[in-house]
Amino acid sequence: MIRLEEVSKVYKTSTRPALENISVEVDKGEFVFLIGASGSGKSTFLRLLLREEVPSKGRVYVANFDVARMARRRVPRLRQSIGCVFQDFRLLANKTVAENVAFALEVIGKPRHTIRKVVPEVLELVGLEGKAERMPHELSGGEQQRVAIARAFVNRPLMLLADEPTGNLDPDTSQDIMLLLERINRTGTTVLMATHDHSIVDSMRRRVVELDLGRVIRDDARGVYGVGR
Amino acid sequence: MATDWNTLWPVLLDSVGQTLWMVAATLVVGGFLGLLLGIALYITRAGGIVPNRVVHTVLNVVVNIVRPIPFIIFITAIGPVTIAVVGTQLGTGAATFALIAAATFGISRIVEQNLVTIDPGVIEAARAMGASPWRIVTTLLVPEALGPLILGYTFVFVAVVDMSAVAGAIGGGGLGDFAIVYGYQRFDWAVTGVAVAIIVVLVQVAQFTGNRLARRVLRRG
C-alpha cells in the first residue's frame, strides 16, 4: 500500500534533511502509528504520501501510484484514494455536518443521488446520525473529529492518514476516536496515524514506526510508545 | 421651439431598443469572457490552483493596459480591430463589439476580486480531497462567489449603460446618442430629460433585480 525506498527530503530553507534515507513499507489493511518528537519528520512523511512535497531522493509508492514521479494532473486521483484527518479538524465553519461530508464528494464530481445516499450512511457509521443539520460550532471536539473522519472516509479511500487526530481531545474522547479508527481499519482501510499520545499507542499495541531527526529508529510490529525512556 | 414628439417617439423607441441590445449583448458575451479571464487571473496567481507566473503576468499586464483607457478613446482606438471583425467601424454592431471588448477586461477584475474573498481553507480542503482544478472552479469557486458576483455584474450593468451612451460618438445609436443629437444639440431639455429618466428607470430596475437575486443566493449559501 505504501512503500518508501531510500527517501530523503531536504527543504530549501534548511541544511539538515527532514528525512534521511528512510525505507518503510506498509501493507494493505495495516494499522500503523508514526511517532516521534516535533521536527522528527512525521509531517514530511505524510506530505510526501500526498504529494504535497516531492522527495529530494528516493521513490515513494502509494497503491499503484509512483508518487514522486507522477504527472501533476494525476495528483487528484492519488488524493482521492487517501482520506485525511487533522488535529484541528478543518471543517468548513459555514456548512452543516452533512454539507461538510457532502462537500468531499461534490468536489470530486460524484453525482447528487450518490451523495444523498452515501452521506447519511457514513454519518451513521461514525455515530452522528441525527446531527446532520448541526453546524460545526454546535458540536463538541470529539463530534467535530467524527465529522472530519466521516468526510475523510465517505469516498471509501484505500488509506486514511491521521495527523494527531486526538491532539485536541480529552482521553475519553480520544479513546472513542480510536475505536472509530479501528472500526474503519477493520473494513480493510489502511490507517496511518501520526501521534504524540503515549497512552493510545501503548493500549492499542499496533505497529509503531518511530522517527528521530529524519531517520527511522524503530519499527515494531506490536509496539509501545516509549521503549527505554 | 416645441418638441415634435410625433416624429421623435419612433426614434426614441429605436434608441431604447439599441441601448438594451448593446447592454444585453455586452453583459452576456463580455460577462462570459470576463468570467473566464477573471478565473484565469485568479487561478494562475502565485499560490493559486494552477500557479503560472508567465500566464498570470501577461494577463495582468494586458488587463492593466486596456482597463484604464477611457471608453470614448477605446472605442475609436480599437477601430481597426472592429473593422476586421465586424466589417465596419460605425453603427450599433461596431459599438457593441467595442463594448464587449472593454467590458471583458473590466469584468475580469471584478470577478478576480470576488474570487479572492473566498476562504482559502475551503480551496485547500478541496485540493486535499483530490479535487481537480476544473472541479474546484465549477463546484467551488463559482458557486461560493455567486452572490457577490451577481452584485458585481449588476454594477457592471450600470457601467455598461454608461459606456453605451458613448456609442453615439461612432454613430452607434442608443439613448446617449438620442439625448445628444435631439436634446443637447437642439437645446431641447425635454428630450434630454426623457432620455435621462429612461436610463434612471433602467438602472433602478437592474439594481433592484440584482440585489434581490444576490440576496436569495447569499441566503441559500
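This passage describes chain B and the two largest pockets of a predicted model.

Chain B is a good place to start. Its secondary structure consists of nine helices and zero strands, so the order of elements from the N terminus reads α-α-α-α-α-α-α-α-α. The C-alpha trace of chain B extends over about 70 × 40 × 25 Å along its principal axes. Of its 221 residues, 45% are classed as buried, and the chain exposes about 11,300 Å², with 69% of that area supplied by carbon and sulfur atoms. Among contacts in chain B between residues at least 6 apart in sequence, 74% link residues at least 24 apart.

Turning to the pockets, the largest has a volume of about 1,000 Å³. Its lining comprises 28 residues, and those nearest the centre are A:K95, A:E99, A:E106, B:P143 and B:E144. Four helices each contribute at least two lining residues: α3 (97-106) and α4 (112-125) of chain A, and α7 (133-164) and α9 (189-220) of chain B. The largest share, seven residues, belongs to α7(B). By class, this lining holds 13 nonpolar, six polar and nine charged residues.

The second largest pocket encloses about 600 Å³ of space and is lined by 33 residues, with A:E52, A:C84, A:F86, A:R90 and B:A128 nearest its centre. Two or more lining residues come from each of α1 (42-49), α2 (75-80), β6 (82-86), α5 (141-153) and β7 (159-163) of chain A, and from α6 (120-128) of chain B. The lining of this second pocket divides into 18 nonpolar, six polar and nine charged residues.

Conventions: Residues are numbered from 1 along each chain as its sequence is written. Chains are lettered from A and ligands numbered from 1 in the order in which they are written. This is a predicted model: local features need pLDDT of at least 70, side-chain atom pairs count only at pLDDT 80 or more; totals for chains, interfaces and linings use all residues. Side-chain values use heavy atoms; hydrogens and water are left out. On a 1 Å grid over the protein atoms alone, a cavity is a set of points where a 1.4 Å probe fits but cannot get out, and a pocket is an open set with protein on both sides within 12 Å along at least five of seven lines; lining residues have an atom within 4 Å of a point. Grid points are joined across faces, edges and corners, and a volume is the space filled by probe spheres set on the points. Ala, Val, Leu, Ile, Met, Phe, Trp, Tyr, Cys and Pro count as nonpolar, Asp, Glu, Lys and Arg as charged, and the others, Gly among them, as polar. Buried means under 20% relative accessible area, exposed over 50%, partly exposed in between (1.4 Å probe, protein chains only). Contact means heavy atoms within 4.5 Å. Accessible areas come from the Shrake-Rupley method with a 1.4 Å probe; for residues, only the protein chains shown count as cover.
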